[in-house]
Amino acid sequence: MAFLKSFMSLKSSGLFMFVMLACLVFYLSTNPVQNIQEYWLRKTDQYRLEREELGKVLKKASMPDRTVILTTLNEAWADPGSVIDLFLESFRVGEGTPRLLNHLVIVSMDQQAFNRCKAIHPHCYSLTTAGVNFSAEKRFMTPDYLKLMWRRIEFLRIVLELGYNFVFTDADIMWFRDPFPYFDSLDEIQIACDFYKGKPRDEENRANGGFNYVKAVGATIEFYKFWYMARINHPNLHDQAVFEIIKHEPIVHASGLRIKYLDTMYFGGFCQPSKDMNKVCTMHANCCVGIEKKIHDLGLILHDWKNFTSLPPEQKKAIGSSSSPWSAPSKCKKW
């Protein structure tokens, strides 16, 4: 305990950096890496190799305009019959979505998820983080959940730096229609909402980082850098909460970055479901904590969609515009 108090007092003084550098030098002197130059060379080579491998995967999956669809996956969501199977099935039964699977990259956060990806999908990338195990379910706002979310933001910045536009989608989102016709060509960031207020430029819309379309331009790369660094000032918040803070920052407004908030009529979720099955593109199991609840309710809306698409046109029109066309949220009401 005395050592811990002494160490914490060092953090508040200039001695902290000296001690950390001394530890690094000691480490280098007692390990196979013989000097600082070789140490950083290895780090740089590893970083370069990771980017090269990612570039190869993105190139294979890319649309002609260098756009890819990305989702992340860990072991908890990768088991047969789990979230990833429902996610892929929604593409197969959606309208205009089966072809989009050719452009989907599943970013695996652990080895088991990577193995499962390779068994079920052609485009897989293994994203590991030294010293962190992302395989188990990460409950909302736990320390590992926060690490996972911020690792994702860092990764998406790298995708932008490699020159690829992306649609990022959580795997607990059902894709029922091709969303690209609903994206505005003038906006650099287009993001879904937990709660949509009615206007696409209204900053009072409550954004949801689980679904967004981002163009690879200088302004978005700098924004993702700023977003990632902002975690330092907000250590107990997740990426979405920090986005809600920094989107009001003068530096963001001054950059000219154009952000559009997507209407939940087309990009709905359990927080605010789409009310028209003739218009819905995606449905997200947001406002829901727990993998079992998500699997149950995603299964319900996938079943609702299959029933809807089997109807004749006149019945589709009547049911699609009903006030509550979905069987879910059901278990997710108790999140």
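**Entry 1: a starting residue**

In which strand does asparagine 165 lie? I looked this up in the predicted model and found asparagine 165 in strand β4, which covers residues 165-169. I then asked whether asparagine 165 is buried or exposed. Its relative accessible area is 13%, and because buried means under 20%, I noted asparagine 165 as buried.

Next I went through the polar partners of the asparagine 165 side chain. One of its polar atoms lies 3.2 Å from the backbone oxygen of aspartate 65, and the side chain also makes a polar contact with the side chain of threonine 67, again listed at 3.2 Å. Leaving aside residues up to four places away in sequence, I listed what asparagine 165 touches: Asp65, Arg66, Thr67 and Val68, together with Tyr213, Val214, Lys215 and Ala216.

**Entry 2: the chain as a whole**

I stepped back to the whole chain, where I counted 12 helices and 10 strands. Of its 335 residues, 48% count as buried. Among the contacts with a separation of 6 or more, 70% come from residues that stand 24 or more positions apart. The chain exposes about 16700 Å², and carbon and sulfur atoms supply 57% of that area.

**Entry 3: the disulfides**

How many disulfides does the structure hold? I found three, and when the bonded cysteines are numbered in sequence order, the pairing reads 1-2, 3-4, 5-6.

I took cysteine 117 and cysteine 124 to begin with, whose sulfur atoms are joined at 2.0 Å. The angle about their S-S bond is -95 degrees, and the link is left-handed. Both cysteine 117 and cysteine 124 are buried.

I went on to cysteine 271 and cysteine 287, joined with an S to S distance of 1.9 Å. This link is right-handed, with 105 degrees about the S-S bond. Cysteine 271 sits in the loop between β9 (267-269) and β10 (282-284), while cysteine 287 sits in the loop between β10 and α11 (291-309), so the disulfide ties together parts that are 16 residues apart in sequence. I found both cysteine 271 and cysteine 287 buried.

Cysteine 288 and cysteine 332 form a disulfide with their sulfur atoms 2.1 Å apart. The torsion about their S-S bond is about -60 degrees, so I recorded the disulfide as left-handed. The pair links distant parts of the chain, with cysteine 288 in the loop between β10 and α11 and cysteine 332 in the segment after α12 (313-320), 44 residues apart. Cysteine 288 is buried at a relative accessible area of 6%, and cysteine 332 is buried at 2%.

I also checked two further cysteines for burial. Cysteine 193 counts as buried at 3% relative accessibility, and cysteine 281 counts as buried at 0%.

**Entry 4: aromatic rings**

My next look-up was the aromatic pairs, of which the count comes to 22. The ring centres of phenylalanine 91 and tryptophan 175 are 4.7 Å apart and the planes stand at 20 degrees, so the pair is stacked. Phenylalanine 91 belongs to helix α5 (residues 83-93) and tryptophan 175 to strand β5 (residues 173-175), so this pair ties together parts that are 84 residues apart in sequence. Phenylalanine 91 is buried with a relative accessible area of 0%, and tryptophan 175 is buried, also listed at 0%.

I then turned to phenylalanine 183 and tyrosine 213, a stacked pair with 4.6 Å centre to centre and 15 degrees between the planes. Here too distant parts of the chain are linked, since phenylalanine 183 lies in the loop between β5 and β6 (189-195) and tyrosine 213 in strand β7 (residues 206-214), 30 residues apart. At 11% relative accessibility phenylalanine 183 counts as buried, and tyrosine 213 counts as buried at 9%. I had already met Tyr213 in the list of residues that asparagine 165 touches.

Which residues do ring pairs link into a cluster? I wrote down Phe87, Phe91, Trp175, Phe180, Tyr182, Phe183, Phe211, Tyr213, Tyr266 and Phe267.

**Entry 5: charges over rings**

Last, I looked for charged side chains over ring faces. Arginine 231 lies over the face of tyrosine 228, at 3.8 Å from the ring centre, and lysine 316 lies over the face of phenylalanine 308, at 5.8 Å from the ring centre.

Conventions: Residues are numbered from 1 along each chain as its sequence is written. This is a predicted model: local features need pLDDT of at least 70, side-chain atom pairs count only at pLDDT 80 or more; totals for chains, interfaces and linings use all residues. Side-chain values use heavy atoms; hydrogens and water are left out. A disulfide is a pair of cysteine sulfur atoms within 2.5 Å. Buried means under 20% relative accessible area, exposed over 50%, partly exposed in between (1.4 Å probe, protein chains only). Helices (H or I, at least four residues) and strands (E, at least two) are DSSP runs, numbered from the N terminus. A polar contact is a pair of N or O atoms within 3.5 Å; within protein, one must be able to donate a hydrogen and the other to accept it, and residues adjacent in sequence count only if both atoms are side-chain atoms. Contact means heavy atoms within 4.5 Å. Accessible areas come from the Shrake-Rupley method with a 1.4 Å probe; for residues, only the protein chains shown count as cover. Rings of Phe, Tyr and Trp (its six-membered ring) pair if their centres lie within 6.5 Å; planes under 30 degrees apart count as stacked, over 60 as edge-to-face and the rest as tilted. A charge sits over a ring if NZ of Lys or CZ of Arg is within 6 Å of the ring centre and within 35 degrees of the ring normal.
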